[in-house]
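User: Please go through the terms used for the model below and show how each one is justified.

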Amino acid sequence: MRFPTRTSPHVVPGHSVGGVMRQVLYALVPGTLAMTWFFGWGVLVNVTLAILFAAGFEALMVALRRRPVLDTLSDSSAILAGWLFALAIPPLAPFWVLLVGVMFAIVVAKHLYGGLGYNPFNPAMVGYVVVLVSFPREISLWPAPQSLLDSNSLGLLQTLQISLTGRLPDGVEWDAITRASPLDLMRDGLVAGQTVDEITRNPIFGSFSETGWEWTGNLFLLGGLWLLYRRVISWHIPVSMLLTLATVAGLFWVIDPGQFASPAFHVFSGAAIIGAFFIATDPVSAATTPLGRVLFGAGIGLLTYVIRTWGGYPDGVAFAVLLMNMVAPTLDHYTRPRIFGHSDNRHG
Amino acid sequence: MHLHRFHGGLELPGHKAESTGQPLLPLGIPHRLHVPLAQHIGAPAVPLCAPGDSVLKGQRIAQAEDYIGAHVHAPTSGRVVEIAEHPVPHPSGLNALCIVLEPDGHDQWTDQGLEPWTDWRQRDPRELRERVRDAGIVGMGGAAFPTSVKLNPRPGKRIHTLVVNGAECEPYISCDDTLMRHYPEAVLEGVRIVAHLLDAERVLFAVEDNKPAAFQALTQALPEDERDRIRLISIPSVYPTGGERQLIRVLTGLEVPSSGLPADLGIVCQNPGTLKAVRDAVVRGRPLISRIVTVTGPGVREPRNVEALIGTPFADLATAAGGYAPGVDRLVMGGPMMGFAIADDAVPVIKGTNCLLATRPQDTPSPGPLMPCIRCGECTRVCPANLLPQQMYWFAKARNFDSIQDYGLFDCIECGCCALVCPSNIPLVQYYRFAKNEIWAREKDRQKADLARERFEYRKLRQEQEEAEKAARLARKKAALEKPAPAGEKKAAIEAALDRARAKKAAQASETPIESPDPSDR
């Protein structure tokens, strides 16, 4: 009797790229729902639109490159990039901000470099930085956190209308519904010569940061811990990034608590948590050796603090990630683990 | 005993119970035996018989000519039908020379076989090693390296520890488990013989903790007063603990140097099946002509262990295991991780055949489309050699053979952990095998080129020498001519030269056509 021959291993395959990506998507759900609860329907509208745009651009690029469209879409990587990008965009931003950002993420950052697995830079962050520097007004208008139950919160249809037309419903003013984020307040306050104490006396601050941001961060943290538990991501990058951010922040805070915000404020504000667990851990553009990952995460933590404290933008996670993407191959080269049976780690 | 751990590895479902439920079944003599000449690492053995010869059981029918080689013995009595190329279990799928034996059914032992030695404690290591070689014993864990070579460490290497590798870490395989459960005394006797041969002070006998019955059988068979010297150690079931270097690390915490051997640490590692074969060869005078094989997997109806003669076709093994289950589409020699698929179940059991695994499409589904590497690093996490499989994959793909060696290609033991966890379904081990083979091929080419260059340089040297000699001769001749020679002598010399020229002409005329000189002019 004759048999076809196939290569080892002869077992049921355990993982797939699509499976990995989908687990990350599931882990994003609680944090995204929390964001929606505090910042309104715009979050869901943005996520939905960004996913549609991302899938559309992905399909277009894959078709142009004459690759199987459905196989590629089913790996869910474009959906993930679109979703992560959308979470960085203010919930009431016009749709074309999403369109431009997603276009840069998928077309330029991903497919022009060879598609999945070949992009040196994190696509979602490339898209975000492009819109951040191109459309500063649209990107800075964050709605004030309020639960969906509040009487003056915008409904789904009103939100859709704002997204599509860019115009507010009659009787609603931008000033009334938007508010500076804690990071903005901290930055502007310090620039204006206020102390940290004076700034955090503002009623929007909760225990560390702003209530809505805190809860969003907690639920993203929950999703991130689930990813760690499922071994979708390793501990190296998130732990070293948050630890470095907290350590550096703690150092300056101990020196002068009036001029520098607390470590807890830094960890629970802005994109620190979601960045640590969901963005910096993008395997394609991160370092891959264990020590390389620790250094990669530490670099992001450090740069985030530097940009937040002395840079021109209130948050620095996106820039920090892109800057560290640049050095990831070098980190990998110099952090090779010691091979079994070798006494040093330089030669194989 | 304090155990250590190695980096990576995987906890895999064992699938051992499938084949250990049934008792060990000795298989009968098959209708025809195909006994390959190359069942081991090293040069193929050279036949000592010719088609038509009658041979007796245990008779040496092929001889190892090289130090690294193993003799082959007739598994039963019968007639040699032919010595020809037939399918053999080899990853290449190529045919190889086999002695085809038609059994006569008498199963009659040769009377010129090996003499049983019950007094082996009085024999010196050289004699015992010679016996191991005479019995054609190779490592029976699968690698099939000649055991007599492994038991002969380089001069100056003192062996203090014998490690017995009863880990059997690959899923499905249970032949060592079966052996240890059925023949614990024989295995321990083999341990004593080899420890005596090596003059080793202690024996570390490791069994994975998923084989409690085997551990129990060995414990009962081991006398109290020997337990200090021969230590039975239950080790965690982590794939690939059964790798020699991994096992030594687990037991001793030491790492065998990359380009060295366990003997460099004073350790020799042996498989229990090999030790039983050594014992049979020494105490009973039996050469290696049969072995225990696990026939298992969802592709056979009644998985079990069988004791089969070397040369028994795989098809007979499948029949002994209740026949193929419907839809069977893959036959693997070895385990699911490192085994290779067999194209034809006519291939025979060889000395290194530990397992025959049969599966159906639903057990080993096609892994789905090949995806790009997303650099997730799972392969790095599970690599027991602490390599960076993903970087090596890029280098292999780019044919960057210098860098891939720098990243430890030859430290890869091809255990397959990386390929198993890869979410992109990249057959990583195949890339490393490809790179290794390319490097070996290039090395061979380089050696050829070196040889050619040496030849060329030698030829140039020779031509220069000839030129010099010619010039010297001419100079001598000139000097001689300038000296006035006696007239008679001169005339005789001219006559002789003319004679030579005539003879040469005649010779040239008779041998037509004149062959052009060999251009290579070696």
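Analyst: What follows takes sheets, helix packing, a pocket and some backbone outliers in turn.

Analyst: The model is predicted, so local features need pLDDT of at least 70 and side-chain atom pairs count only at pLDDT 80 or more, while totals for chains, interfaces and linings use all residues. Residues are numbered from 1 along each chain as its sequence is written, chains are lettered from A and ligands numbered from 1 in the order in which they are written, and side-chain values use heavy atoms, with hydrogens and water left out.

User: What makes S10(B) and S11(B) paired strands?

Analyst: Strands are DSSP runs of E with at least two residues, helices are runs of H or I with at least four, and both are numbered from the N terminus. Two strands pair if DSSP finds at least two bridges between them. Strand S10 (residues 202–208) of chain B is joined to S11(B) by 6 bridges, so the criterion is met, and the two run parallel. Within this pair, B:Val207 is opposite B:Ser234 of S11(B).

User: Why are S11 and S12 of chain B called edge strands?

Analyst: The open sheet has 4 strands in the order S11-S10-S9-S12 (chain B), with parallel pairing. Strand S11 (230–235) and strand S12 (267–270) of chain B each have a single partner strand, so one side of each lacks a neighbour in the sheet. On average, neighbouring strands of this sheet are turned by 20° against each other, direction ignored.

User: Which strands are at the edges of the antiparallel sheet in chain B, and how do you know that S8(B) has a partner in S7(B)?

Analyst: This open sheet of 4 strands has the order S2-S8-S7-S4 (chain B), with antiparallel pairing. Its edge strands are S2 and strand S4 (54–55) of chain B, each pairing on one side only. Strand S7 (residues 78–87) of chain B and S8(B) share 9 bridges in the antiparallel sense, and B:Glu82 has B:Val100 of S8(B) as its bridge partner. Strand S2 (residues 33–36) pairs with strand S8 (residues 95–103) of chain B over 4 bridges, also antiparallel. In that pair B:Val35 faces B:Ile99 and B:Pro36 faces B:Cys98.

User: How do you know that H4(B) and H6(B) pack, and at what angle?

Analyst: Two packed helices are described by the angle between their axes and the distance between the axes. An axis is a line fitted to C-alpha atoms, for helices over the stretch in contact, and angles run from 0 to 180 degrees between N-to-C directions. Helix H4 (residues 175–182) of chain B and H6(B) have axes 8 Å apart, at an angle of about 30°. Contact means heavy atoms within 4.5 Å. The contact is made by B:Asp177, B:Met180 and B:Arg181 of H4(B) and by B:Ala213, B:Ala214, B:Ala217 and B:Leu218 of H6(B). Helix H6 (residues 212–221) of chain B also lies across S10 and S11 of chain B, at about 165° to S11(B).

User: Which crossing of helices is left-handed, and which is right-handed?

Analyst: A crossing is left-handed if the near helix is turned anticlockwise from the far one by less than a right angle, and right-handed if clockwise. H4(B) passes H6(B) in a left-handed crossing, whereas the crossing of H4(A) and H6(A) is right-handed. In chain A, H4(A) and H6(A) pack at about 35° with their axes 8 Å apart. There, A:Ala81, A:Leu84, A:Phe85 and A:Ala88 of H4(A) meet A:Ala124, A:Gly127, A:Tyr128 and A:Val131 of H6(A).

User: How do the residues of the contact of H4(A) with H6(A) divide by class?

Analyst: Ala, Val, Leu, Ile, Met, Phe, Trp, Tyr, Cys and Pro count as nonpolar, Asp, Glu, Lys and Arg as charged, and the others, Gly among them, as polar. The contact of H4(A) with H6(A) has 7 nonpolar, 1 polar and no charged residues. For H4(B) with H6(B), the division is 5 nonpolar, no polar and 2 charged.

User: What is the volume of the second largest pocket, and which residues are closest to its centre?

Analyst: On a 1 Å grid over the protein atoms alone, a pocket is an open set of points where a 1.4 Å probe fits, with protein on both sides within 12 Å along at least five of seven lines; lining residues have an atom within 4 Å of a point. Grid points are joined across faces, edges and corners, and a volume is the space filled by probe spheres set on the points. The second largest pocket has a volume of about 1000 Å³. Of its 49 lining residues, A:Val20, A:Arg231, A:Val232, A:Ile233 and B:Cys376 are the closest to its centre. H1(A) gives the most to the lining, with 5 residues. By class, the lining has 26 nonpolar, 16 polar and 7 charged residues.

User: What makes A:Arg66 and the bond from A:Ser8 to A:Pro9 worth listing?

Analyst: Most residues other than glycine have a negative phi, and most peptide bonds are trans. Phi of A:Arg66 is near 55°, a positive value in a residue other than glycine, and A:Arg66 is in the loop between helix H2 (42–64) and helix H3 (69–73) of chain A. The bond from A:Ser8 to A:Pro9 is cis, with omega near -5°, and A:Pro9 lies in the segment before H1 of chain A. The bond from B:Tyr239 to B:Pro240 is cis, with omega near 0°; B:Pro240 is in the loop between S11 and helix H7 (244–252) of chain B.
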